[in-house]
Amino acid sequence: MDLSALDPAQPQVFYLSDRSLEALSDCYAVVGGTRLPLHSQVLSLHSPVLRDLFVERIAAIFNKDGAQLDAASHLALPELPDLSAAFQSSSVEEAACLLRLLYRPHAQDASAASFAALLAAGRLPAVAALAAQLGAEPVVSGLEQHLEGE
């Protein structure tokens, strides 16, 4: 992970593999005054905490039978879910680093070299804490393996 590529003014460039993915975002978080475009499907795969937020939101829109609660709800697009509260304890740089690990789990980003780069930059404790807070098991387990020397 090349942390020098992280621009706090445009952190999404750092964690999204393709800039066109911004247009497909279906949720967001404002972190340090910067709006981060996010994707519920990606986050749900890696964070049970965020998955539960999305499930609760869907349950509020639909009743038990799968029918919409009101006839007008299908006429307007719902507001994008705001996940800012989930990231409130982090800086935009820390959030972008965790998001890169979540969005690119099979790339070299979740490697020992990436964890070493985060440690050298002084960001590893905060990124690890955010990962633990969100229940991001792939990142937490990758970090544990790194610390154990595997």
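A residue counts as buried when its relative accessible area is under 20%, as exposed when it is over 50%, and as partly exposed in between (1.4 Å probe, protein chains only). Cys-27 meets the first condition: with a relative accessible area of 0%, it is buried. The model shown here is predicted, so local features need pLDDT of at least 70 and side-chain atom pairs count only at pLDDT 80 or more, while totals for chains, interfaces and linings use all residues. Residues are numbered from 1 along each chain as its sequence is written, and side-chain values use heavy atoms, with hydrogens and water left out.

**View 1. The overall layout.** Welcome to the whole chain before we zoom in. Seven helices and two strands make up the protein chain; helices (H or I, at least four residues) and strands (E, at least two) are DSSP runs, numbered from the N terminus. Read from the N terminus, the order of elements is α-β-β-α-α-α-α-α-α. Of its 150 residues, 39% count as buried. Taking contacts (heavy atoms within 4.5 Å) with a separation of 6 or more, 64% are between residues 24 or more positions apart.

**View 2. The hairpin of E1 and E2.** Here the two strands run antiparallel and are joined by five bridges; strands pair if DSSP finds at least two bridges between them. Two residues lie between E1 and E2 in this hairpin, and Gly-32 in the turn has a positive phi of about 60°. Along the ladder, Cys-27 has Leu-38 of E2 as its bridge partner, and Val-30 stands opposite Arg-35. E1 is mostly covered, with four of its five residues buried. E2 is largely enclosed by the rest of the structure, because four of its five residues are buried.

**View 3. The surroundings of Cys-27.** Cys-27 belongs to strand E1. What does Cys-27 touch, leaving aside its neighbours within four places in sequence? Its contacts are Leu-36, Pro-37, Leu-38, His-39, Ser-40, Leu-43, Phe-54, Leu-80, Pro-81 and Leu-83. A handy distance to check on screen is the one to Ser-84, which is 57 residues from Cys-27 in sequence and 9.9 Å away in space, C-alpha to C-alpha.

**View 4. Rings with ring and charge partners.** How many aromatic pairs does the structure hold? There is one, formed by Tyr-15 and Tyr-103, and it is tilted, at 5.4 Å centre to centre with 55° between the planes. Rings of Phe, Tyr and Trp (its six-membered ring) pair if their centres lie within 6.5 Å; planes under 30 degrees apart count as stacked, over 60 as edge-to-face and the rest as tilted. Tyr-15 lies in helix H1 and Tyr-103 in helix H4, so the pair ties together parts that are 88 residues apart in sequence. Tyr-15, at 0% relative accessibility, counts as buried, and so does Tyr-103, at 15%. Charges join in too: the charged end of Arg-35 sits over the ring of Tyr-28, 3.6 Å from its centre. Arg-100 lies over the face of Phe-14, at 4.5 Å from the ring centre. A charge sits over a ring if NZ of Lys or CZ of Arg is within 6 Å of the ring centre and within 35 degrees of the ring normal.

**View 5. The largest nonpolar core.** Such a core is a set of buried Ala, Val, Leu, Ile, Met, Phe, Trp, Tyr and Cys residues joined through side-chain atoms within 4.5 Å. The largest has 37 residues, of which Leu-38, Leu-43, Leu-83, Phe-87 and Leu-118 touch the most other members. Elements that each supply at least two of its residues include E1, E2, helix H3 (48-61), H5 and H7. H4 gives the most, with nine residues. Beyond its neighbours within four places in sequence, Leu-118 is in contact with Met-1, Leu-3, Cys-97, Leu-101, Arg-123, Leu-124 and Val-127.

**View 6. The two sides of helix H6.** H6 spans residues 124-133, and its buried residues are Leu-124, Val-127, Ala-128, Leu-130 and Ala-131. They cover an arc of only 160° around the axis, which puts them on the same side of H6; the arc is that of the directions from the helix axis to the C-beta atoms. Their cover includes helices H4 (92-103), H5 (112-120) and H7 (137-147). Pro-125 and Ala-132, on the other side of H6, are exposed. Just after the helix, Gly-135 takes a positive phi of about 70°.
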